[in-house]
Amino acid sequence: MPTAQRAPAALLVRRGGERLLFDCAEGTQRQLQRSSVGLVDLEEVFLTHFHADHFLGLPGMLKTFALRGRDELPLTVYGPKGIRDLFAALRPFLGRLPYPLTLVELMPGERLERGDYDIEAFAVEHGVSALGYVLVEHERPGRFDVAAADALRVPPGRERGVLQAGEPLTLPDGTVVTPDEVLGPPRPGRKLALTGDTAPSPRVVQAAHAADVLIHEATFAEDERDRARETMHATAAEAAEVAKLAGVRLLALTHVS
C-alpha cells in the first residue's frame, strides 16, 4: 500500500532518449515528479495485469496529459488480454482524450521489434491474465580502437563513424579500412527482465535466462511462504532462487509488502 515515501507498482525504463513505463499504480505521477525524470509525455505504457495496485494511476495520468495540452502525440498502452475491456469500463471516467490512444493486447511470446532491441511478453503465474516483459538488445559492435584508427590514418569524425557502423571505409589514397581492423569483438546486447506479480515459475527462469537485470516481485518474507502460495506471489528467497536458476547478473526486488 502507498506510504508517504513510497507508491505501489510502477517502473520506468530509460534507454537513451526513450522512456518506457511498466505499470502505473496510484501515485505514479507524483513519484515521477519527485524523481529526476519528471512527468514526461510518455508514449508507451506496458501493463503487466489489471489488479488495481498496478493500473489505478493510469486514468489520472492520461487526464493530466490532456490538461497539459497534449493533442497530437499518440500514446500506446500494451497489456494482456482484457485491456480493451478495462478501458471500456474506464471510459466514463476518462471522457474524451484530445490525443490518439491505442490499446494493444499482447499474447505470451509476442515480440515487439524496436530496431536495435526487442520487447517480448511472457506468461507469469498470478492466477489472472498476466504478463512479464523482457527487453533484449541486439548484438552491439565491438569497442572502437582509437590507437588502431590513428595508426591506419583514419581521420576523426564521420569516417570513424562509418567504421563504427560496420561499413568499410576508403581513404583518399585508395586504402580500404575494414571495421574488423578498428573494432574489438562484438559485444552482447543487454537484457532486462520484469516479472510483474508472479509466483515462482519456470517460465520466469526461462525468460530471464542470462539477463543482466531481473526485476522480480518479493511480496512476502520467508515466514509467510504459505500466504505467498495462496495469493500466487513470491517470497524474497524464492525470487533469489529464480535468479540463481536463471543465471542473472543482478536481482532487484520489488513489490515488497
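In strand 4 (residues 75-79), Val-77 is the bridge partner of Val-45. The model is a predicted one, in which local features require pLDDT of at least 70 and side-chain atom pairs count only at pLDDT 80 or more, whereas totals for chains, interfaces and linings use all residues. Residues are numbered from 1 along each chain as its sequence is written, and side-chain values use heavy atoms, with hydrogens and water left out. Helices (H or I, at least four residues) and strands (E, at least two) are DSSP runs numbered from the N terminus, and two strands are said to pair if DSSP finds at least two bridges between them.

The pairing of Val-45 with Val-77 belongs to the junction of strand 3 (residues 44-46) and strand 4, which run parallel and are joined by 3 bridges. Strand 4 also pairs with strand 5 (residues 101-105), in the parallel sense and over 5 bridges. There, Leu-103 of strand 5 is the bridge partner of Val-77. Strands of a sheet pair through backbone hydrogen bonds, either parallel or antiparallel. These strands belong to an open sheet of 5 strands with the order 1-2-3-4-5 and mixed pairing. Its edges are strand 1 (11-15) and strand 5, each of which pairs on one side only. On average, neighbouring strands of this sheet are turned by 20° against each other, direction ignored. Axes here are lines fitted to C-alpha atoms, for helices over the stretch in contact, and angles run from 0 to 180 degrees between N-to-C directions.

Strand 4 is mostly covered, with 5 of its 5 residues buried; buried denotes under 20% relative accessible area, exposed over 50%, and partly exposed the range in between (1.4 Å probe, protein chains only). In a regular strand the side chains alternate between the two faces of the sheet. In strand 4, Leu-75, Val-77 and Gly-79 point one way, Thr-76 and Tyr-78 point the other way, and all are buried.

Helix 4 (residues 83-94) lies across strand 4 and strand 5 and runs at about 145° to strand 5. Helix 4 also packs with helix 3 (residues 58-67), at an angle of about 50° and with the axes 11 Å apart. Helix 3 is therefore oblique to helix 4, given that angles under 35 degrees count as roughly parallel, over 145 as roughly antiparallel, 65 to 115 as roughly perpendicular and the rest as oblique. The crossing of the two helices is right-handed, the near helix being turned clockwise from the far one by less than a right angle; an anticlockwise turn would count as left-handed. In this contact (heavy atoms within 4.5 Å), Leu-58, Pro-59, Leu-62 and Lys-63 of helix 3 meet Phe-87, Leu-90 and Leu-94 of helix 4. The contact residues comprise 6 nonpolar, no polar and 1 charged, where Ala, Val, Leu, Ile, Met, Phe, Trp, Tyr, Cys and Pro count as nonpolar, Asp, Glu, Lys and Arg as charged, and the others, Gly among them, as polar.

A further open sheet consists of 6 strands in the order 6-7-8-11-12-13, again with mixed pairing. Strand 6 (111-113) and strand 13 (250-254) are the edge strands, each pairing on one side only. The average turn between neighbouring strands of this sheet is 15°, direction ignored. Within the sheet, strand 8 (residues 131-137) and strand 11 (residues 191-194) run antiparallel and are joined by 4 bridges. Val-134 stands opposite Ala-193 in strand 11.

Ala-193 and Asp-180 are 13 residues apart in sequence and 32 Å apart in space, C-alpha to C-alpha. Asp-180 is placed in the loop between strand 10 (176-177) and strand 11, and is exposed, with a relative accessible area of 62%.

Two other loop residues concern backbone geometry. Most residues other than glycine have a negative phi, and most peptide bonds are trans. Asp-23, in the loop between strand 2 (18-22) and helix 1 (28-34), has a positive phi near 70° and is buried at a relative accessible area of 4%. Ala-210, in the loop between helix 7 (202-207) and strand 12 (213-217), has a positive phi of about 60°. At 43% relative accessibility, Ala-210 counts as partly exposed.

Overall, the chain contains 9 helices and 13 strands. Its C-alpha atoms fill a box of roughly 70 × 45 × 35 Å along the principal axes. Of its 257 residues, 43% count as buried. Among contacts with a separation of 6 or more, 59% are between residues 24 or more positions apart.
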